[in-house]
Amino acid sequence: MAIAATTSANDINEALHQLKDTVQDVEGNIYRTITIGDQVWLAEGLRSTQFQDGTNVRSGAIPKDDEANLLKYGRLYNWHDVADERNLCPEGWRVATDEDWKVLERTIGMSEEELHQEGWRGGEHDLGLQLKEAQADGPFKKVDQSLVNKHNFFARPAGVKWNGWYITEGAYTEFWTASSASKNKGIIRTLAYSWWNAHKGEIRRATSSKDYMFTVRCVKI
């Protein structure tokens with residue numbers, strides 16, 4: 001049933017399903033993939049509830065506990081599952097690390113000066129737009145729609161789960177990386193979507209508590 005559900009094109013994923021290359025996880029979930037430079041990425045959020053050895057993950061919530069959001073956003077995971085050596089991703093893949101994200105950012109045009117910085121980066125060339133499936137105009141700046149989803153990365157604003165609450169759906173995508181910053185914090189990437197947000201064209205590199213639950217993207221090993 002899982003395979004049928006994930007392979008049938010629907011209104012949510014009509015554009016995504018124009019991508020031809022796929023990979024399947026241990027549960028049978030099928031994901032579209034995209035090649036960007038020398039890397040191959042999932043083009044959608046991870047949905048797995050099992051590690052590669054078949055054991056269950058401890059997090060993996062669907063945004064707002066709404067099954068209609070599963071194919072749209074994927075699941076939200078805490079960092080402890082993200083970094084678990086049993087591996088959330090399909091065989092031959094891994095959760096993207098901070099370095100994997102830097103390779104992606106460099107490929108799409110981020111300067112070496114900004115690459116290793118924390119905070120919002122890449123605004124000069126609207127690199128954040130290039131990873132988003134969609135972005136509306138705002139009062140500060142018109143969006144160049146030719147840049148939006150330029151690389152077929154299809155990032156969607158799933159929001160996060162924090163302390164039992166689902167927040168910021170439609171406003172932010174927070175991506176975990178598999179890289180640790182300290183005992184309690186992991187390294188993340190953020191995209192902002194709200195019409196009023198001045199950072200819509202940027203990609204944030206920051207740290208967050210490992211108990212937060214964020215979106216996950218895998219990269220081919």
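**Salt bridges, cores and a sheet**

Biologist: How far apart, N to O, are the side chains of Asp98 and Arg189 in their salt bridge?

Modeller: This is a predicted model, where local features need pLDDT of at least 70, side-chain atom pairs count only at pLDDT 80 or more, and totals for chains, interfaces and linings use all residues. Residues are numbered from 1 along each chain as its sequence is written, and side-chain values use heavy atoms, without hydrogens and water. A salt bridge is a side-chain nitrogen of Lys or Arg within 4 Å of a carboxyl oxygen of Asp or Glu. Asp98 and Arg189 meet in one, and the N to O distance is 2.8 Å.

Biologist: How many residues apart are Asp98 and Arg189?

Modeller: Helices (H or I, at least four residues) and strands (E, at least two) are DSSP runs, numbered from the N terminus. Asp98 lies in helix H4 and Arg189 in strand S10. The pair links distant parts of the chain, with a separation of 91 residues.

Biologist: Is Asp98 buried or exposed?

Modeller: Buried means under 20% relative accessible area, exposed over 50%, and partly exposed in between (1.4 Å probe, protein chains only). Asp98 has a relative accessible area of 4%, so this residue is buried.

Biologist: By about how much of the helix are Asp98 and Lys102 separated?

Modeller: Asp98 also forms a salt bridge with Lys102, where the closest N and O atoms are 3.7 Å apart. Lys102 is buried too, at 6%. Because Asp98 and Lys102 are four residues apart in helix H4, their separation is about one helical turn.

Biologist: Which residues are linked with Asp98 in a network of salt bridges?

Modeller: Side chains of opposite charge can pair when their charged atoms come close. The whole structure holds 15 salt bridges. Asp98 belongs to a network with Glu99, Lys102, Glu105, Arg121, Arg189 and Arg205.

Biologist: Where is Asp81, the partner of Arg58 in a salt bridge?

Modeller: The N to O distance between Arg58 and Asp81 is 2.8 Å. Arg58 counts as exposed because its relative accessibility is 54%, whereas Asp81 is buried at 0%. Arg58 sits in the loop between strand S3 (39–42) and helix H2 (70–73), 23 residues away from Asp81 in helix H3.

Biologist: Which residues does Asp100 contact, leaving aside its neighbours within four places in sequence?

Modeller: Asp100 lies in helix H4 (residues 98–108). At 7% relative accessibility, Asp100 counts as buried. Contact means heavy atoms within 4.5 Å. Those neighbours aside, Asp100 touches Gln39, Trp41, Arg94, Val95 and Val219.

Biologist: Which element gives the most residues to the largest nonpolar core?

Modeller: A nonpolar core is a set of buried Ala, Val, Leu, Ile, Met, Phe, Trp, Tyr and Cys residues joined through side-chain atoms within 4.5 Å. Of the 22 residues in the largest one, Trp41, Trp101, Leu104, Leu131 and Phe153 touch the most other members. Strand S2 (30–36), H4 and helix H6 (127–131) each give two or more residues. With three residues, the element that gives the most is H4.

Biologist: How many residues are in the second, separate core?

Modeller: Leu104 has contacts with Ile36, Gln39, Trp41, Leu131 and Phe153, leaving aside its neighbours within four places in sequence. The second, separate core includes Tyr31, Tyr77, Val82 and Ile188, and its size is 20 residues.

Biologist: Which strands stand at the edges of the open sheet?

Modeller: Two strands pair if DSSP finds at least two bridges between them. The sheet has four strands in the order S6-S11-S10-S9, with antiparallel pairing. Each edge strand has a single partner strand, so one side is left without a neighbour in the sheet: these are S6 and S9 (172–180).

Biologist: Which residue in S11 is the bridge partner of Lys185?

Modeller: Strand S10 (residues 185–192) and S11 run antiparallel, joined by six bridges. Ile187 stands opposite Thr207. The partner of Lys185 is Ser209.

Biologist: Which residue in S11 is the bridge partner of Arg121?

Modeller: Strand S6 (residues 119–121) pairs with S11 (residues 203–209) in the antiparallel sense, over three bridges. The partner of Arg121 is Ile203.

Biologist: How many residues apart are the cysteines of the disulfide?

Modeller: A disulfide is a pair of cysteine sulfur atoms within 2.5 Å. Cys89 and Cys218 form one, with sulfur atoms 2.1 Å apart, and both residues are buried. The link is left-handed, with -85 degrees about the S-S bond. Cys89 is in the loop between helix H3 (79–82) and strand S5 (93–95), Cys218 is in strand S13 (residues 218–220), and their separation is 129 residues.
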